[in-house]
Protein chains: 2
Amino acid sequence: MLNDFRKDYILDRWVVIATERQRRPVDFIRETATKRRAEGDLCPFCPGNEEKTPPATLVYLQSEEGIVKEKDTNGHRHRKWLIRCVPNLYPAFSPPKKDDLWEEGKAVGYHEVLIESPNHNEHPAEARIPQLTHVINGYIDRLKAFSSTPFVKYVSIFRNHGSEAGASLSHAHSQIIATPIVPTVLTEELSSSMEFHQKHGECVFCEIVGKESKGPRMIWENPEYLAFAPWAAIHPFEFWIIPKTHQASLSNLQQKNVESLAHALKTCLGALRKLLNDPPYNFAFHITPHENTHEPYHWHLEVYPKLTIWAGFEKSTGIHINTMSPERAAEQMKEIIE
Amino acid sequence: MLNDFRKDYILDRWVVIATERQRRPVDFIRETATKRRAEGDLCPFCPGNEEKTPPATLVYLQSEEGIVKEKDTNGHRHRKWLIRCVPNLYPAFSPPKKDDLWEEGKAVGYHEVLIESPNHNEHPAEARIPQLTHVINGYIDRLKAFSSTPFVKYVSIFRNHGSEAGASLSHAHSQIIATPIVPTVLTEELSSSMEFHQKHGECVFCEIVGKESKGPRMIWENPEYLAFAPWAAIHPFEFWIIPKTHQASLSNLQQKNVESLAHALKTCLGALRKLLNDPPYNFAFHITPHENTHEPYHWHLEVYPKLTIWAGFEKSTGIHINTMSPERAAEQMKEIIE
C-alpha cells in the first residue's frame, strides 16, 4: 500500500503519512538507545543474513578483472559483496503500481538502504579509501538509476549515524530516497542560486568557495574539495564539503574525484569523531534535481552533528540557535586534523 | 555582549550564534538525561531561590482585592508569587544598549522565562484552572510589553516539556522570545493567509475550523475552542488548539476566553499525557506580528509531541515523515478524553 503524501493547509511543507509502519501509542513510548541497539547477531545487514532483506537492487563484487555490479533475485542472494543496496523494509516512498504512474496524494518514489561495508561497525572515519570509493560510486549508480524514472523529481542521499541521529540499525549504512517533488529546501536553494546568477553573472557557491577557503571558517582542503564551517551554521560543529570547481550534480564525477571525495569524507568525519567522542550526526548531499550540470547550482555535502535539540522556538519560528560559533568550531576541527 | 544574528548565504534562514553560552567540545559530549535532571533542591525556579535568578520583570501576587502585578528589583525579590517572569540567564536575544537601537547583525530582543507555578512538578494537565489562567494572562502581559518596543517584530511564546524536548530545567516553565525579525514560518503563514483571503474573501483558518470540526481529525471542542489533529501533521499525535471565531492575536482575549483556553490546554495536554505516558513535547503560539487584529490571520497553538527524531532526510529536504496518521491519532486522543 502506498503512503499518503500531504501538503500543509498553507505552507509549502510536505509530509509522508507512513502508515506502513503504523504503530500503537505504546510503540512510541520511549525506546531506550540500549534497546534499539540490542540487535546483536541478528543484524540484517551483516554478511550471512542476506535473506533477511529484500533482494539487493545493486551489489558490488570483487572479481579478478575489477568490480562487478550485480543484482539479487528472490531465488538467489549474492554473498561476499563489497557494498549492497536493498529496498528499505519500511519505505517512506514506494514505486507506483504502474511504472510511470504518478498517483495524486500518494508517496510514490523509492527508498533504499546502501549497506556500506560487510563490517558491522565500519565508520567512514576508519574505512579504507577503496571501500569509501565503492560507497560513493554506489550513491552515483543509484542516483542515475532513479533519475531516469519519469516520476522522480529528486534523489536525496543521506546518512544517519547513531541512534540519537535517527539511525535505527547500527550497521554502517546510508539511505537513498527518490521523491516525486523537488523538496522545499532544494527549491529555495535553486531559486536563490538562479537569482544570484542573473544578478552577478556567477555561481553563488563558487563565490562562497572563494571566500571561505581563505577565511576563519576554513577547515581543510585538497586540490578538488574544500571543507568549511558555514557562516550561518545552524548546528554546533556543522561543516560542508564542496567541490572547488563548478559542478551542479554528483552524477558526472570522474573516478579521480570520487577518490578525492573519499579522502575528504574520511578526514573530516574522522576529525569530528575524534573531537567529540564519536557524536551522532546526519549528512546529506545537496544536488541539482536536473540533469543539466551547467546550471547555476553547485552540489555539496552538509554534515550536521547532533549535539543539541531543536525545541519549541526552532520548530515554530524556523529561527535556529547555535551555541558554538562556526569560527571556533572550524579552528578546533583544523587543529585536530593537523 | 550581544549574540550574532546571521542569515544563511542564500536561504531565508536565520541563526543566533549564542556565544554567551559558548562551550568547549567536551561540554557537547552527551549529557545524560539523568545528569541534566540532577538539579534537586537547587532548582532556581523554586520558591525560596528567587535570588538565583535576575530580578523578575513580572510577578503575580494574591491580595485580598485580587491579583496584584509587581516587579522585583535588585534589592528586593517578591516571595509567595503565583507566577514569575525572569530574564533567561543564557539569553538567545538581548536588549540593545540603547533602548531603540537596532544593531545590524546582532540578536537584539528579549528572552524571558515564565515560571508557571511555585510547584516544581506542576504539569498543565494537572494544574488548577485558575493557575493556568494566570499563566496565560502572564503570556499576554509580556506579549503586550514586548510588542510595544520599537525594534521587536515578533513575540514567540512556547513551552518545552521534558529534557528530550529541550527543557534544561524541569520546573514547570514556558519561554518568551521577542525577535527583531518576523520569523520565516510566520512570514510564510501570513503571506499564504493573505493570498487565500484575496482569492476567496475569507480567512483560511476560519475555513479550516469549519472543516476540521466535523471531520475525522476532530479531537475536542468547547464553545470557544477547537482541538484537532491537522491534515498534514508532521509529528505523531500533533494537535492544534484554535479559537472558533476570528482573532489574529492573543492580545485582546477576554477573561472568559482565557479561562476557556485554560480548559482546552488542560484537557488536551492531559489526554496526551495519559495516552503516551507523559511524553516530551513542545508547544508554541502562532500569532500575527501586527497589532491589527482584523487582518486575515488567525492565532492558534501548535503542540508537537517529541516521539521521533528528525534525521538526515527531514533536515536536508524539509519533507517530513510521520509514522502515525492524524486521523488515528485524533481517534485515540478523543477516546481517552471520553
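## A tour of two chains

Start with both chains in view: 70 residues of chain A are in contact with 70 residues of chain B. Keep in mind as you click around that this is a predicted model.

**Stop 1: where the chains touch.** Select helix H4 of chain A, residues 184-200. With eight residues, H4 gives the most to the side of chain A that touches chain B. Now colour that side of chain A by residue class. You should find 39 nonpolar, 20 polar and 11 charged residues there.

**Stop 2: strands that pair across the chains.** Next, select strand S2 of chain A (residues 14-17) together with strand S14 of chain B (residues 320-322). The two strands run parallel, and three bridges join them. Which residue is the bridge partner of Val15(A) in S14(B)? Zoom in on Val15(A) and look across to the other chain: the partner is His320(B).

**Stop 3: chain A on its own.** Hide chain B for a while and show chain A as a cartoon. Counting along chain A, you will meet eight helices and 14 strands. The radius of gyration of chain A is 20 Å, close to the 20 Å that the globule rule gives for 338 residues, so chain A is as compact as a globular protein of that length. Turn the chain around to see its extent: the C-alpha atoms fill a box of roughly 55 × 50 × 45 Å along the principal axes. How much of chain A counts as buried? The figure is 47% of the 338 residues.

Here is something to look for as you trace the backbone. Take the contacts in chain A between residues at least 6 apart in sequence: 68% of them join residues at least 24 apart.

**Stop 4: two domains.** Give each domain of chain A its own colour. The domain assignment puts 4-21 and 43-183 in domain 1, and 185-337 in domain 2. Between the centres of these two domains of chain A, taken over C-alpha atoms, there are 22 Å.

**Stop 5: where the domains meet.** Finally, look at the place where 27 residues of domain 1 of chain A are in contact with 25 residues of domain 2 of chain A. Select helix H3 (129-147) and strand S7 (154-161) of chain A, which each supply at least two residues of the domain 1 side. H3(A) makes the largest share of that side, 10 residues. Colour the domain 1 side by class as you did before, and you will see 15 nonpolar, eight polar and four charged residues.

How values were computed:
Residues numbered from 1 in each chain as written. Chains lettered and ligands numbered in written order. Predicted model: local features only at pLDDT ≥ 70, side-chain atom pairs only at ≥ 80, totals over all residues. Contact = placed C-beta atoms within 7 Å. Helix = DSSP H or I, 4+ residues; strand = E, 2+ residues; numbered from the N terminus. Nonpolar A, V, L, I, M, F, W, Y, C, P; charged D, E, K, R; others polar. Pairing = 2+ DSSP bridges. Rg over C-alpha atoms; globule rule 2.2 N^0.38 Å. Buried ≥ 20, exposed ≤ 12 C-beta atoms within 10 Å, placed from the backbone. Domains from an automatic or database assignment.
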